[in-house]
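Good morning, and thank you for coming. I would like to take you through one model, beginning with an interface and ending with helix packing.

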Amino acid sequence: MTLTDVAKKQTCRILAIKGPDNLRQRLTALGVLRGQRVRLSANTLWGNPRTYAIGRQQICLRNEDAVMVEVELCND
Amino acid sequence: MTERVFTVALLGNPNCGKTSLFNLLTGSRQRTGNMAGVTVTGREGEREHQGVTLKFVDLPGIYSLSHNRVEERVARDYLFETPPDLILNVLDAGNLSRNLALTTQLLEQQLPSVIAVNMLDEAEAQGIAPDCDELGQLLGLPVLPSDGRRPRFLDLLLDTLVGQLRIPSQQPDLAIDYEKHVEQSLTQLMATGLNRWQAVQALESGGDVAFVLHDDQQALVKKQIKQLENYHDDSAAQLIAEGRYGFIHGLMHNSGSDHEELTFAEHWLDSIALNRWLGFPVFVGLLWLMFEATFTLGAYPADWIDATVSALGQWLASGLPDGLLRDVLVDGLIAGVGGVLVFLPNVVLLFTFIAIMEQSGYMARAAFLTDRLMSRVGLHGKAFVPLVMGFGCNVPAIMATRTIEEPRARLITILINPFMSCSARLPVYVLLAGVFFADRAGTVMFGIYILGILMAFTVALILSRTIPTQHDESFIMELPPWRFPSLRSLCLHVWDKAGDFLSKIGGVILVGSLLIWLLQTFPQGADQSFLEQLGHFLAPLFAPLGFGWQETVALLSGFIAKEVIVATLAVVYQMGEHDMVGLQAAMLAGMAPAAGLALMVFTLLYMPCLATIAVIRRETGSWRWALISILMGLVLAWGGAFITYRVGSLFF
């Protein structure tokens with residue numbers, strides 16, 4: 001699954017970040033890395049863009065970019 | 001010891017409170033916004049301490065030294081070309097890990113640094129304040145608490161800076177253990193003569209660095225990056241970042257916890273501001289409230305100023321003998337300048353609201369809420385801040401578009417910015433809405449602003465279809481934490497803006513009023529003044545819009561600066577009366593309400609003022625776009641005013 005599939009109240013772990021180099025570089029700089037836990041923290045009327053929370057950070061992503069982030073559900 | 005000047009550069013992530021700290025250190029007046037990228041070029045300020053002059057440079061907020069964005073390049077090139085004597089690395093105590101990633105780069109490069117842990121009060125309130133001494137020992141350099149809002153840690157910080165400048169402590173030698181393939185690549189690069197940090201940076205940035213890389217080194221970098229990509233699914237930059245965070249994780253483990261959760265208050269605020277269904281209505285409601293408050297609250301002090309100005313006019317009129325001197329003072333100066341001065345409270349209020357939105361962190365959330373709308377017309381959420389700033393003044397707003405990287409999106413944002421009604425146009429609306437729609441003034445003004453926004457979107461849509469497209473830049477933005485605006489920096493900011501407005505009154509508007517008065521007074525004894533002649537000559541052009549020669553003249557004068565429009569109306573309508581009440585009565589008698597509305601629409605849409613034209617020319621790099629902006633404005637204004645007048649005549 002990818003970030004866009006994450007529902008409210010679910011916590012996920014980042015498996016891989018794909019996509020063009022500048023997207024990966026940008027996300028890396030913001031501290032979005034493999035292994036981190038992510039939640040969906042806000043959505044807009046249109047369902048795009050959405051905000052994801054990683055720890056205390058909140059990052060806005062358009063769905064076009066969010067599909068590049070592969071995640072898995074955390075079971076704990 | 002002889003006095004010396006030392007340069008200290010402030011460096012840190014966006015929204016770490018760097019600019020507030022800079023303000024506190026230098027006492028300089030400039031804006032601090034809670035939105036990534038407000039400081040695009042470095043600012044400077046000085047301070048004396050213990051007989052040493054410290055020159056502080058405020059660099060743009062960046063996340064990394066090796067990612068190829070405009071701000072990052074500015075900071076990286078600055079550090080490389082004019083190395084400061086010392087770097088003050090500012091960290092946000094509430095988000096230490098991410099902030100420390102930049103620190104590890106500074107340490108790898110062995111740049112002389114002192115660390116200031118900012119926003120400690122926030123972190124303390126959440127019980128996540130790091131132990132500065134512990135962190136300092138682990139990193140091997142001075143780590144101090146700091147507070148951009150209050151001077152409580154200032155002396156200690158300054159003492160340490162001066163101490164470090166006089167007798168620098170031993171530079172720590174930081175070597176992060178990266179993943180083994182990365183280490184192999186680094187070894188190969190170092191064999192070509194690069195330092196370790198240079199090799200790291202070359203890999204991390206894909207070879208785009210400030211120092212010189214020879215062609216063979218460049219080729220090797222590309223080859224290594226490709227190889228790493230093959231071994232792992234991750235890019236070199238990702239692998240290196242993982243190494244950095246691994247190192248930081250170890251540090252944090254030793255020096256205090258890294259907080260995970262948002263506080264209840266933050267959570268609660270975001271659950272409303274970013275609510276899927278409520279967020280957007282709340283945003284529109286807040287905008288409406290802002291304009292309503294600007295009008296209603298501003299009316300009280302405006303009345304006092306008006307009363308004072310008209311009392312001064314009457315006092316001068318009765319005290320001076322009849323003649324030209326009395327006329328120039330009373331009908332020229334006081335009528336013109338007083339007519340604009342009345343709007344100072346409105347301008348101050350509007351800037352206060354915009355500054356509060358920016359500093360609290362709401363502006364970034366608004367960008368998030370509006371991104372979808374913006375993307376429909378070829379813009380993105382980041383265009384939102386410059387557009388809202390346009391409500392204050394289009395000149396800094398157009399400069400703020402530098403945060404938008406994609407040239408086409410930036411150009412469109414620049415060209416539509418003049419449709420965001422700046423505060424100079426506010427006096428015209430306040431006057432006209434007050435005259436013709438006294439009961440519904442706030443609503444009419446809100447409508448005018450909305451019209452400007454709709455026009456901006458329409459034009460953006462057309463432009464985005466006509467200007468050739470390049471690849472769309474994605475919208476990746478960090479939401480800053482909610483922060484209570486600091487009264488000190490709010491006051492500094494508003495005081496600054498009020499000062500701008502007043503100095504304009506003292507300059508452009510003073511000269512404009514006098515010029516208008518001259519044109520109106522001479523030739524003496526003739527049937528018609530120069531001004532009337534000019535007005536009558538051009539009036540046929542504006543007659544279909546319901547404007548008389550007075551309005552024609554006022555609009556002409558607005559080419560210089562929009563504030564002059566009201567000053568001109570005051571001068572041409574005055575005819576011996578000295579107050580706004582008199583002007584309002586005269587206008588009510590001379591114009592239909594529909595024409596009043598049309599005049600507001602024309603003022604909203606027609607060409608930008610001289611300063612804005614100059615800044616459009618500078619930021620787009622050509623007169624072509626400045627000319628297009630002027631023509632587009634004039635055509636839209638005439639058309640819009642025509643429709644407004646014709647349709648409005650049916651209703652009023």
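Contact, as I shall use the word, means heavy atoms within 4.5 Å. Please keep in mind that this is a predicted model.

By that criterion, 35 residues of chain A and 52 residues of chain B take part in the contact. About 3900 Å² is buried between chain A and chain B, and carbon and sulfur atoms account for 52% of that area. Which residues of chain A lose the most area to chain B? They are A:Trp46, A:Arg56 and A:Arg62, which together contribute 21% of what the chain A side buries.

Let me turn to the polar side of this interface. Six salt bridges are found across the interface of chain A and chain B. One of them joins A:Arg34 to B:Asp234, with the closest N and O atoms 2.7 Å apart. There are also 13 residue pairs in polar contact across the interface, both residues being at pLDDT 80 or more.

As for the elements involved, helix H1 (21-29), strand S2 (37-43), strand S3 (50-54) and strand S4 (57-61) of chain A each supply at least two residues to the side that touches chain B. H1(A) gives the most, with nine residues. By class, this side of chain A comprises 13 nonpolar, twelve polar and ten charged residues.

I now move to helix packing within chain B. Two packed helices are described by the angle between their axes and the distance between the axes.

Consider first helix H7 (residues 180-190) and helix H9 (residues 215-231) of chain B, whose axes come within 10 Å and cross at roughly 170 degrees. Angles over 145 degrees count as roughly antiparallel, and H7(B) and H9(B) are therefore roughly antiparallel to each other. From H7(B), B:His181, B:Val182, B:Ser185, B:Gln188 and B:Leu189 meet residues of H9(B) that include B:Leu220, B:Val221 and B:Tyr231. This contact has six nonpolar, five polar and no charged residues.

The other pair is helix H22 (residues 530-542) and helix H23 (residues 549-557) of chain B, packed at an angle of about 95 degrees with their axes 8 Å apart. H22(B) is therefore roughly perpendicular to H23(B). Among the residues making the contact are B:Leu534, B:Leu538 and B:Phe542 of H22(B), and B:Trp549, B:Val553 and B:Leu556 of H23(B). The residues of this contact divide into nine nonpolar, three polar and one charged.

Terms used: Residues numbered from 1 in each chain as written. Chains lettered and ligands numbered in written order. Predicted model: local features only at pLDDT ≥ 70, side-chain atom pairs only at ≥ 80, totals over all residues. Heavy atoms only, no water. Axes fitted to C-alpha atoms, helices over the stretch in contact; angles between N-to-C directions. Helix = DSSP H or I, 4+ residues; strand = E, 2+ residues; numbered from the N terminus. Parallel < 35°, antiparallel > 145°, perpendicular 65-115°, else oblique. Nonpolar A, V, L, I, M, F, W, Y, C, P; charged D, E, K, R; others polar. Buried area = accessible area lost by both parts, 1.4 Å probe. Salt bridge = Lys/Arg side-chain N within 4 Å of Asp/Glu carboxyl O. Polar contact = N/O pair within 3.5 Å; in protein donor to acceptor, adjacent residues only side chain to side chain.
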